[in-house]
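Me: Mind going through the packing in this model with me? I'd like to start with a helix pair and then move on to the sheet.

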Amino acid sequence: MQTLQVALGDRSYPIHIGSGVLSRHELFLPHIRQKKVVVVSNATVAPLYLDLLRSTLEKAGISVLPVILPDGEQYKTWETLNLIFDALLGSHCERSTTLIALGGGVIGDMGGFAAACYQRGMPFIQVPTTLLSLVDSSVGGKTAINHPLGKNMIGAFYQPKLVMADISTLATLPERELKAGLAEVIKYGLIRDPEFFVWLENNLDKLLARDKAALVYAVHRSCTNKAEVVAADERETGERALLNLGHTFGHAIETGLGYGEWLHGEAVAAGTLIAAELSCNLGWLSREAMQRVEAIFVRAGLPVRGAPLGAARYLELMRHDKKVLDGKLRLVLLKDIGRAVVSDEASEAQMADAIDARCT
């Protein structure tokens, strides 16, 4: 097991990374204040890992109240969120009761948002079970639900007390979900860690084959990058925005097609290639670097072309992006592999050209 710390002063918390950490009750106990916890999961993950988590906690004398939600991005709504509140209120949960989110990014986001809202804040723990949630969404305290006009537009910054990153959960992850998670792993190399990008070019086949040592390294390196960025800019006023490479275009794909049609990582991959295309057109990113970016996403089995929604529809959806400032859309673009910037220099015509080049 390896442990990282997200350094946020008195709200700092550990990330325990390894195989089998879900069986170690002593890692949970310092972060649980009552003898009862609420475990929010979904209909896919709960049959696989709820009994293991329950057994671990019950050995320490902690009872578990499960709340099982439907599985899918399309259920990341107020209506589904209310199922969590119904359970919390119905079971007389208190402000000091701990909520544990057991699942992928949707469960982590919804569980965290519910914890942020219930009685104005209850402690919660992230137990991610997908590659995407292990390397990205479980770390950093972003919680949210979707709106028909935009993804993750309603939410809160609310940090967990603990992240339990058990690599063994990836053994049951569907192939498509594994590949989608690789989009967020590759992102760290592109925005700030060029040495990691080279490592990924050399070790991508091992990750696709679920080599345990390679997965542990990739998760640890990704979480290290995420933790450093979050510690420097918790509420995304500066550097943290770089973590959204590909997301502005990608969120437009998810919203435009309907939530759940494309996986988040798939949309981010295509969005990253649109951002890279725009970066090339601006004269910032070399075509050679662009080819390396495209090649690694192709090898990962991820889409490198966006959904054909039309440039006008993309731009309409992107105007709801959280990085819009004073009415001006800011994008995360690439100067080189390992060097990303947030810029409002691209015109809508230039954005449209890049979208047309990558989405027809």
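Me: Which residues of H10 does H9 meet?
Reply: This is a predicted model, so take the contacts in that spirit. On the H9 side you have His-247, Phe-249, Gly-250, His-251, Ile-253 and Glu-254. Facing them in H10 are His-264, Ala-267, Val-268, Ala-270, Gly-271, Ile-274, Ala-275 and Leu-278.

Me: And by class, how many residues of the contact of H9 with H10 are nonpolar?
Reply: The contact has one charged residue and five polar ones. The nonpolar count is eight.

Me: How would you describe H9 and H10 relative to each other: roughly parallel, roughly antiparallel, roughly perpendicular or oblique?
Reply: The axes of H9 (residues 247–257) and H10 come within 7 Å and cross at roughly 130°. The crossing is right-handed. Roughly perpendicular stops at 115 degrees and roughly antiparallel needs over 145, so the two helices are oblique.

Me: H10 also packs on H13. Which residues of H13 make that contact?
Reply: The axes of H10 (residues 264–281) and H13 (residues 348–358) come within 9 Å and cross at roughly 125°. That makes H10 oblique to H13, and H10 passes H13 in a right-handed crossing. H10 brings Leu-273, Ile-274, Glu-277, Leu-278 and Asn-281. From H13 come Gln-350, Met-351, Ala-354, Ile-355, Ala-357 and Arg-358.

Me: What about H6 and H7: roughly parallel or roughly antiparallel?
Reply: The axes of H6 (residues 175–191) and H7 (residues 194–208) come within 8 Å, crossing at roughly 165°. An angle over 145 degrees is the cut-off here, so H6 and H7 are roughly antiparallel.

Me: Which residues of H7 make the contact with H6?
Reply: H6 puts in Glu-175, Leu-178, Lys-179, Leu-182, Val-185, Ile-186, Tyr-188, Gly-189 and Leu-190. By class, the whole contact has 13 nonpolar, one polar and two charged residues. The H7 residues are Pro-194, Phe-196, Phe-197, Leu-200, Leu-204, Leu-207 and Leu-208.

Me: On to the sheet. Which strands stand at the edges?
Reply: Seven strands form an open sheet with mixed pairing, in the order E1-E2-E9-E6-E5-E3-E4. Each edge strand has a single partner, so one side of it is left without a neighbour in the sheet. The edges are E1 (2–6) and E4 (63–69).

Me: How many bridges join E3 to E4?
Reply: E3 and E4 run parallel, and one pair to look at is Asn-42 with its bridge partner in E4, Leu-69. The chain gets from E3 to E4 through H2 (residues 46–58), in a right-handed β-α-β crossover. The number of bridges between E3 and E4 is seven.

Me: Which residue of E5 stands opposite Val-39?
Reply: E3 (residues 36–42) and E5 (residues 98–103) run parallel, joined by four bridges. The residue opposite Val-39 is Ile-100.

Me: What angle does the direction of H4 make with that of E5?
Reply: H4 (residues 105–117) packs on the sheet. The strands touched by H4 are E3, E4, E5 and E6 (124–128). Relative to E5, the direction of H4 makes about 170°.

Me: Last one: at what angle does H8 run to E1?
Reply: H8 (residues 212–232) lies across E1 and E2 (13–18). The angle of H8 to E1 is about 15°.

Key:
Residues numbered from 1 in each chain as written. Predicted model: local features only at pLDDT ≥ 70, side-chain atom pairs only at ≥ 80, totals over all residues. Heavy atoms only, no water. Axes fitted to C-alpha atoms, helices over the stretch in contact; angles between N-to-C directions. Parallel < 35°, antiparallel > 145°, perpendicular 65-115°, else oblique. Contact = heavy atoms within 4.5 Å. Nonpolar A, V, L, I, M, F, W, Y, C, P; charged D, E, K, R; others polar. Pairing = 2+ DSSP bridges. Right-handed = clockwise from strand over helix to strand, strands pointing away. Left-handed = near helix turned anticlockwise from the far one by under 90°.
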